[in-house]
Amino acid sequence: MRTRTVEYPADGLMMIGHLALPSGAGRRPAVLLGPEGPGLSDVERRRADALAELGYVALAFDLHGGRLLTDPEEMLARCMPLLADPDRMRGIGHAALDVLRAEPRTDPDRIAAVGYGTGGAIGLELGRDGVDLRAIGTVNALTTGRPGEAARIRCPVWAGVGSEDPIMPPAQRDAFTAEMQAAGVDWRLVVYGGALHAFHHPPVDHTVVPGVGYHPRHAQRAWRDVVDLLAECLPVTE
């Protein structure tokens with residue numbers, strides 16, 4: 001497995017992503033990996049590396065031009081307008097997707113999007129934009145899109161959320177599942193009992209928004225669920 005840093009423009013910034021390549025020389029299925037609102041951290045880099053160890057080309061993409069926003073107020077000031085603007089989210093997603101598709105090891109016809117929080121919302125917007133993906137997997141990203149656009153999603157959608165997540169409350173879960181169902185999407189929702197927002201993310205040494213908390217057992221389960229989704233929809237074959 002090899003890794004390298006990739007730079008590319010998006011959203012008026014120079015993004016700095018983390019590309020992980022599996023062993024071997026042939027083309028492989030690929031995963032576009034999106035981070036939580038604070039941005040690309042070592043947590044997502046390690047996830048990309050783990051996916052490469054499983055045989056995928058993986059690009060952990062950037063949200064904030066190489067910065068990790070550890071101040072909650074600064075993070076919300078950037079992410080809330082972004083989450084309210086599907087076209088901006090799609091622009092960030094397409095820019096990263098272009099980098100992933102241009103990688104010679106990537107099979108451009110076999111790509112999935114997996115994302116957490118804001119990164120997951122970007123993956124969903126790529127689906128609503130009609131991008132040919134094999135699967136979309138999200139955690140903490142039960143966002144709804146513009147009316148009717150979910151009908152453009154052409155792949156299974158898996159979503160995970162904590163039962164006690166105040167940022168993704170039951171009403172938001174219901175709106176998301178209603179959108180998916182009305183659009184005829186092949187969707188699944190897993191609610192992890194007792195988990196808060198960002199339950200998958202190990203504790204950090206900076207201030208976080210209220211309602212965030214790590215749940216190690218469910219973090220492991222959510223990762224296994226993501227891997228199972230990829231194994232079903234994007235199997236690695238020689």
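**Exercise 1. State which exposed residues lie on the face of α5 turned away from its buried side, and explain how the buried residues are arranged.**

Solution.
Step 1. The face of α5 opposite its buried side carries Ala171, Asp174, Gln181 and Ala182, which are exposed (over 50% relative accessible area; buried is under 20%, partly exposed in between, with a 1.4 Å probe and protein chains only). The model is predicted: local features need pLDDT of at least 70, side-chain atom pairs count only at pLDDT 80 or more, and totals for chains, interfaces and linings use all residues. Residues are numbered from 1 along each chain as its sequence is written, and side-chain values use heavy atoms, without hydrogens and water.

Step 2. Buried in α5 are Arg173, Phe176, Thr177, Glu179 and Met180. Because they cover an arc of only 155 degrees around the axis, they are on the same side of α5 (the arc is taken from the directions from the helix axis to the C-beta atoms). An α-helix has 3.6 residues a turn, so residues three or four places apart point the same way.

Step 3. The cover over the buried residues of α5 includes α4 (118–128), β7 (157–162) and β8 (187–192), where contact means heavy atoms within 4.5 Å. Helices (H or I, at least four residues) and strands (E, at least two) are DSSP runs numbered from the N terminus.

**Exercise 2. Find how far α5 reaches and what follows it.**

Solution.
Step 1. α5 spans residues 170–182, 13 residues in total. From first C-alpha to last it reaches 18 Å, close to the expected 18 Å, the expected span being 1.5 Å times one less than the number of residues.

Step 2. After α5 comes Gly184, with a positive phi near 75 degrees.

**Exercise 3. Describe the lining of the largest pocket.**

Solution.
Step 1. The volume of the largest pocket is about 830 Å³. A pocket is an open set of points on a 1 Å grid over the protein atoms alone, where a 1.4 Å probe fits, with protein on both sides within 12 Å along at least five of seven lines; lining residues have an atom within 4 Å of a point.

Step 2. The lining has 42 residues, and Glu36, Gly37, Pro38, Met75 and His197 are the closest to the centre of the largest pocket.

Step 3. At least two lining residues come from each of α1 (42–53), α2 (72–83) and α4. The largest share, 6 residues, is from α2.

Definitions and conventions
Grid points are joined across faces, edges and corners, and a volume is the space filled by probe spheres set on the points. Ala, Val, Leu, Ile, Met, Phe, Trp, Tyr, Cys and Pro count as nonpolar, Asp, Glu, Lys and Arg as charged, and the others, Gly among them, as polar.
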